[in-house]
Amino acid sequence: MRINSPKLNIMHRACMKASKSLIRDFGEIEKLQVSAKGPGDFVSSADKRTEKILIEELLKSYPEYGIFSEEAGKINEKNKINRWIIDPIDGTSNFLNGIPQFAISIGYEENGKILTGLTYDPIKNELFFAESGSGAFLNNTRIRVSKKKNLKNSIIGTGGPKSNSKIKNEIFDEFLSVSKNVDIPLRRFGSASLDLANVACGRFDGFWQRELNYWDIAAGIVIIKEAGGFVDYLDNDPNNNKKYSLIASNSLIHRELHDLISKKNIENN
Ligand code: IPD
Ligand code: CA
Ligand code: CA
């Protein structure tokens, strides 16, 4: 594994330790699915167990760093400079239903900018990681975004809307609008961090989704950039809003995808 910075080392170690417990828990899901109680409570405790290991490991090495994690919220809030952004299980609905498509995702932010990212799929044993200025990797191999130039023959991923979204219709309209302009049907795999990793390694040519959380995308932002791709946001300032409506791509199809989604919005207004 080409991990040579101390920060990535710590992230990697924390992630590997947490993933052991996560894989064990995933093995229990099948049994729970047939039980009367169902796997719901178990999954939320698996989430918390994974998160606890990640936080303990990261704080062991950098006790003064801030943490912003999906379940635990903010820790060491005084530290505005260095922060870990954590999603202990990204793809919870998949996990809950025994579908092997979920990840642990960790971003490291310095002065508001994500500098290091790591997303690990424990089932496929695929570790995606990147550090600003050093390229992006999948396990031992350098990764690059795809070279496709036309949206028409691209593979595009998306996700959402969440059940409580207030803009469901707009999101469905966008889905239709992009669907009508691609030959290969859109992919919806249910783990945004892995969707972004898929763009970074060229399996997807693009991805967009509205109303994501910071922990869903933190690692992916730097992994895609370092793989030569492009990330931008649909109609808000990424630093001032809690939700992120993001488009990520190989950069070559970006304008086409972006225009299609924003055009739909203009028509709606
Ligand atoms: C979810 C996944 C999913 C995306 C949702 C996210 P979670 O994260 O990333 O792909 O569509 O918007 O909330 O809840 O499984 O951590
Ligand atoms: Ca998530
Ligand atoms: Ca999660």
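Buried here means under 20% relative accessible area, exposed means over 50%, and partly exposed covers what lies in between, computed with a 1.4 Å probe on protein chains only. The model on screen is predicted, so local features need pLDDT of at least 70 and side-chain atom pairs count only at pLDDT 80 or more, while totals for chains, interfaces and linings use all residues. Residues are numbered from 1 along each chain as its sequence is written, chains are lettered from A and ligands numbered from 1 in the order in which they are written, and side-chain values use heavy atoms, with hydrogens and water left out.

**First stop: strand 6**

Select residues 126–131, which make up strand 6, where 6 of the 6 residues are buried; helices (H or I, at least four residues) and strands (E, at least two) are DSSP runs, numbered from the N terminus. Covering is found on both faces of this strand, with Glu126, Phe128 and Ala130 buried on one side and Leu127, Phe129 and Glu131 buried on the other.

Now add strand 5 (residues 113–121), which runs antiparallel to strand 6 and is joined to it by 6 bridges; two strands count as paired if DSSP finds at least two bridges between them. Thr116 has Glu131 of strand 6 as its bridge partner. The two strands form a hairpin with 4 residues between them, and Asn125 in that turn has a positive phi of about 55°.

On continuing to strand 7 (residues 136–138), you will find it antiparallel to strand 6 and joined to it by 3 bridges, with Phe137 standing opposite Phe129. Strand 6 and strand 7 also form a hairpin with 4 residues between them, and in this turn Gly133 has a positive phi of about 90°.

**Second stop: the two domains**

Colour residues 6–142 as domain 1 and residues 151–268 as domain 2, following the domain assignment of the protein chain, whose bounds come from an automatic or database domain assignment. The C-alpha centres of domain 1 and domain 2 lie 22 Å apart, and 36 residues of domain 1 are in contact (heavy atoms within 4.5 Å) with 18 residues of domain 2. The area buried between domain 1 and domain 2, that is, the accessible area (1.4 Å probe) that two parts lose on being put together, summed over both, is about 2,100 Å², and carbon and sulfur atoms give 62% of it. Within domain 1, select Gln101, Ile114 and Phe128, which lose the most area to domain 2 and together account for 25% of what that side buries.

**Third stop: the calcium ions**

Centre on the calcium ion (ligand 2), whose protein donors are Asp87 (OD), Asp90 (OD) and Asp216 (OD), lying 2.1 to 2.3 Å from it. Donors are N, O and S atoms within 2.8 Å of the metal (3.2 Å for Na, K and Ca), and because water is not among the atoms, sites may look incomplete. In sequence, the donor residues of ligand 2 are spaced D-x2-D-x125-D. Asp90 lies in strand 3 (residues 82–90) and Asp216 in helix 6 (residues 214–226), so this pair ties together parts that are 126 residues apart in sequence. Asp90 is buried at 6% relative accessibility, and Asp216 is buried at 7%.

Move on to the calcium ion (ligand 3), whose protein donors are Glu70 (OE), Asp87 (OD) and Ile89 (O), at 2.2 to 2.4 Å from it, with the spacing E-x16-D-x1-I along the chain. Asp87 bridges the calcium ion (ligand 3) and the calcium ion (ligand 2), which lie 3.8 Å apart. Asp87 is buried, with a relative accessible area of 1%, and Ile89 is buried, also with a value of 1%.

**Last stop: the open sheet**

Select the open sheet of 4 strands, which has the order 9-10-12-11 and mixed pairing. Strand 9 (156–158) and strand 11 (230–233) stand at its edges, each with a single partner strand, so one side of each is left without a neighbour in the sheet. Strand 9 and strand 10 (residues 206–212) pair in the parallel sense over 3 bridges, and Gly157 has Phe207 in strand 10 as its bridge partner. Helix 4 (residues 168–179) packs on the sheet, touching strand 9 and strand 10, and its direction makes about 175° with that of strand 10; axes are lines fitted to C-alpha atoms, for helices over the stretch in contact, and angles run from 0 to 180 degrees between N-to-C directions.

Finish at Ser163, in the loop between strand 9 and helix 4, which is exposed with a relative accessible area of 68%.
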